[in-house]
Amino acid sequence: NRQLRLDDGTLCRNNPHNRTIWADDLYMSVPFLARMGKLTGDNKYFDDAIKQVLNFNKYLYDPAKGIYFHCWYSDVAQNGVAHWLRCNGWIAMAQVELLSNLPKSYPGRQQLITYLQRQLTGISRYQDQSGLWHQLIDKPDSYLETSGTAMFVYAIAKAVNEHWIPSSYKSVAIEGWKGLAKKVTPDGRVEDVCVGTGIEDDILFYYKRPKVLNDFHVAGPILLAATEMMKLVKGGAGH
């Protein structure tokens, strides 16, 4: 009730521009709303969560590339410069979390599944031959990054396991997991994690974000990815 919103109810922030939509914020809001809906039985939480997914798609989805921009500047009515990997991962994880908590017969559920499959198809086009994805999804000269990769391995494996998308997508998750496994050190730490990242208007900001060992942004996603990959393997889908 206190978070800044656009006139249509979309969650936003007053930085770096006035009323900026951050792709990251779909994950910072929707899982909470989805769980509140499940906990309380009050559909207003589900409805708000669905509205956020639909509106974030309206403002941030790039149909030409099949992926999402990092932000939307309301004051100038345009997107920012970057198709940043981890913010796209936040969007995928938010949709998975909502579908996991939403009643199966809830109005709008099928549209959410359609949006999720559209995103997972889009991201699959950019997977590197290593199995990983790039810090800037559409810029193969940017470094390969593990936290965003883990988010997509999780989202794809979960969506296959739940039969939201065809099982043919399992190979994308399998190759992603193989790539991630090579980035885990013998003592269990994960390499090449982009540090916390804000929004800037120059693409070089994203290129130059430091990649570090075991930044906390990778911890949850790689455990979630591992959990869903084990289910995928037990189902006979992968290795």
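Let's start at glutamate 191, which, once its neighbours within four places in sequence are set aside, is in contact with Thr146, Lys182, Lys183, Thr185, Val212 and Leu213. Keep in mind that this is a predicted model. Glutamate 191 sits in the loop between H6 and E8, and with a relative accessible area of 30% it comes out as partly exposed. Its C-alpha atom is separated by 6.0 Å from that of asparagine 214, although the two positions lie 23 residues apart in chain numbering terms, counted as the distance apart along the chain.

Threonine 185 belongs to that loop between H6 and E8 too. Beyond residues up to four places away in sequence, threonine 185 touches Glu191 and Leu213. Is threonine 185 buried or exposed? At 17% relative accessibility it counts as buried, because the cut-off for buried is under 20%.

Staying in the loop between H6 and strand E8 (193–194), we get to aspartate 192. Its phi is near 60°, a positive value in a residue other than glycine. Aspartate 192 is buried, with a relative accessible area of 15%. Now hop over to asparagine 214, in the loop between strand E9 (211–212) and helix H8 (219–234). Asparagine 214 isn't a glycine either, yet it has a positive phi of about 65°. With a relative accessible area of 36%, asparagine 214 is partly exposed.

Next, the helices. H5 covers residues 146–161, 16 residues in total, and runs 22 Å from its first C-alpha to its last, close to the 22 Å expected at 1.5 Å a residue. How many of the residues of H5 are buried? The count is 15 of the 16, so the helix is largely enclosed by the rest of the structure. After H5 comes histidine 163, and its phi is positive, near 65°.

One of the partners of H5 is helix H6 (residues 170–181): the two pack at an angle of about 145°, with their axes 9 Å apart. Their crossing is left-handed. If you want to pick out the interface, select Thr146, Thr149, Ala150, Val153, Ile156, Ala157 and Val160 on the H5 side. On the H6 side, they meet Lys170, Val172, Ala173, Gly176, Trp177 and Leu180.

Leucine 132 is a handy next stop, in the loop between helix H4 (109–124) and strand E6 (133–134). It is buried, at a relative accessible area of 2%. Not counting residues up to four places away in sequence, leucine 132 touches Gln127, Leu144, Thr149, Gly176, Gly179, Leu180 and Lys183. Measuring from C-alpha to C-alpha, leucine 132 and alanine 150 are 8.6 Å apart in space and 18 residues apart in sequence.Over to the sheet. It is an open one, with 3 strands in the order E1-E4-E5 and antiparallel pairing. Strand E1 (20–22) and strand E5 (78–79) stand at the edges with a single partner strand each, so one side of each has no neighbour in the sheet. E1 is joined by 3 bridges to strand E4 (residues 71–73), and the two run antiparallel. Which residue stands opposite cysteine 71 in E4? That is tryptophan 22. Helix H2 (residues 43–60) packs on the sheet, where it touches E1, E4 and E5, and its direction makes about 110° with that of E1.

In the segment before E1 you'll find proline 16. Its bond to asparagine 15 is a cis peptide bond, with omega about 0°. A little further along there's aspartate 25, in helix H1 (residues 25–40). Aspartate 25 counts as buried, at 10% relative accessibility. Leaving aside its neighbours within four places in sequence, aspartate 25 is in contact with Arg13 and Phe56.

Last, the nonpolar core. The largest one has 76 residues, and the members that touch the most others are Ile21, Leu60, Leu98, Leu120, Ile156, Trp164 and Ile165. Take leucine 98 from that list: apart from residues up to four places away in sequence, it touches Val30, Ala34, Ala49, Ile50, Val53 and Leu112. Ile156 from the list also turned up earlier, among the H5 residues that meet H6.

Terms used. Residues are numbered from 1 along each chain as its sequence is written. This is a predicted model: local features need pLDDT of at least 70, side-chain atom pairs count only at pLDDT 80 or more; totals for chains, interfaces and linings use all residues. Side-chain values use heavy atoms; hydrogens and water are left out. Helices (H or I, at least four residues) and strands (E, at least two) are DSSP runs, numbered from the N terminus. Buried means under 20% relative accessible area, exposed over 50%, partly exposed in between (1.4 Å probe, protein chains only). Contact means heavy atoms within 4.5 Å. A nonpolar core is a set of buried Ala, Val, Leu, Ile, Met, Phe, Trp, Tyr and Cys residues joined through side-chain atoms within 4.5 Å. The expected span of a helix is 1.5 Å times one less than its number of residues. Two strands pair if DSSP finds at least two bridges between them. Axes are lines fitted to C-alpha atoms, for helices over the stretch in contact, and angles run from 0 to 180 degrees between N-to-C directions. A crossing is left-handed if the near helix is turned anticlockwise from the far one by less than a right angle, and right-handed if clockwise.
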